[in-house]
Amino acid sequence: VSIGLLDGTATIYVETARSGDVGPHFPDIGMPIPVVATAMGRAAVAILPATQSALLEQRIRSDNPDLWTIHRENYRAGIRACAERGFCTCFGEYMTSIHAVGAPLFHAANLKQTFSINCGIPAYRLQPGQLEAEIGPRIRALAASIRSLVNETEPVIEPREDEAAT
């Protein structure tokens, strides 16, 4: 389970709690991961105001059009899933052997930082549907517990226009 903060078109891992039996952890603290291809990134973007999210999407499209083309549908679906379920999933898009679930944490206005949380699991350890039915709700509940500890409110996820053509 990791916490990350949004930094341009990437999310930076800032803290990780590791299980002792999963081998080396990648990505590790301090590493940037693309928001477009990851559950943690999509969860962070989901709580941006719609205008900031649109600007970020524009930047992703212009900085890396190939990455955008590959991931845009899942990226947008992940943002919608955060609005509907409070978490999103990613099935091996960033690392083929890892499936992940991410949930928005909060936007710290005083720091101008947006935080999210994720849980990555080796694909071979998952049963079909387990990510959505069991782990997603648990990471959403963990996000709520963390918000409570730091006196943050649940983030509001603004509806987004579906730009299927771009």
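User: Where does α3 bend, and by how much?

Analyst: In this predicted model, α3 bends at H71, by about 60°. The helix has 21 residues, and from its first C-alpha to its last it reaches 29 Å, which is close to the 30 Å expected at 1.5 Å a residue. Just after the helix comes G86, whose phi is positive, near 85°.

User: Which residues of α3 are buried, and what do they pack against?

Analyst: A residue is called buried when its relative accessible area is under 20%. In α3 the buried residues are W68, H71, Y75, R76, G78, I79, A81 and C82, so that H71 is both the site of the bend and one of the buried positions, by the under-20% criterion. The buried residues of this helix pack against two other helices, α1 (39-46) and α2, and against the strands β4 and β5.

User: How should I read the packing of α2 with α3?

Analyst: Two packed helices are described by the angle between their axes and by the distance between those axes. Here α2, residues 50-63, and α3, residues 65-85, pack at an angle of about 145°, and their axes are 7 Å apart. On the α2 side the contact is made by L56, E57, I60, R61, S62 and D63, which meet P65, W68, Y75 and R76 of α3. The residues of this contact divide into five nonpolar, one polar and four charged. W68, Y75 and R76 of α3 take part in the contact and are also listed among the buried residues of that helix.

User: In what order do the strands of the sheet lie, and is the pairing parallel or antiparallel?

Analyst: Strands of a sheet pair through backbone hydrogen bonds, either parallel or antiparallel. In this structure six strands form an open sheet, in the order β3-β2-β1-β6-β5-β4, with antiparallel pairing. The edges are β3 (32-34) and β4 (88-91), each of which pairs on one side only. From one strand to the next the twist averages 35°.

User: Which helices pack on the sheet, and which strands do they touch?

Analyst: Helix α3 packs on the sheet and touches β3, β4 and β5 (98-108), its direction making about 150° with that of β4. Helix α4, residues 130-149, packs on the sheet as well, touching β1, β4, β5 and β6, and its direction makes about 25° with that of β5.

User: How many bridges join β1 to β2, and which residue is the bridge partner of L6?

Analyst: Strand β1 is joined to β2 (residues 10-16) by six bridges, and the two run antiparallel. The bridge partner of L6 is T11 in β2, while I3 has E15 of β2 as its partner. The hairpin of β1 and β2 has two residues between the strands, and G8 takes a positive phi there, near 65°. On the other side, β1 (residues 2-7) pairs with β6 (residues 113-122) over four bridges, again in the antiparallel sense, and S2 stands opposite N118 in β6.

User: Why is β2 described as largely enclosed by the rest of the structure?

Analyst: The description follows because five of the seven residues of β2 are buried. This strand also pairs with β3 in the antiparallel sense, over three bridges, and A10 stands opposite P34 in β3.

User: Is Q127 buried or exposed, and what is said of N151?

Analyst: A residue is called exposed when its relative accessible area is over 50%. Q127, in the loop between β6 and α4, counts as exposed because its relative accessibility is 56%. The C-alpha atoms of Q127 and I47 are separated by 29 Å, the two residues being 80 apart along the chain. N151 lies in the segment after α4 and is exposed, with a relative accessible area of 71%. Its phi is near 55°, a positive value in a residue other than glycine.

Methods
Residues are numbered from 1 along each chain as its sequence is written. This is a predicted model: local features need pLDDT of at least 70, side-chain atom pairs count only at pLDDT 80 or more; totals for chains, interfaces and linings use all residues. Side-chain values use heavy atoms; hydrogens and water are left out. Axes are lines fitted to C-alpha atoms, for helices over the stretch in contact, and angles run from 0 to 180 degrees between N-to-C directions. Contact means heavy atoms within 4.5 Å. Ala, Val, Leu, Ile, Met, Phe, Trp, Tyr, Cys and Pro count as nonpolar, Asp, Glu, Lys and Arg as charged, and the others, Gly among them, as polar. Two strands pair if DSSP finds at least two bridges between them. The expected span of a helix is 1.5 Å times one less than its number of residues. The bend at a residue is the angle between axes fitted to the seven residues ending there and the seven starting there. Buried means under 20% relative accessible area, exposed over 50%, partly exposed in between (1.4 Å probe, protein chains only).
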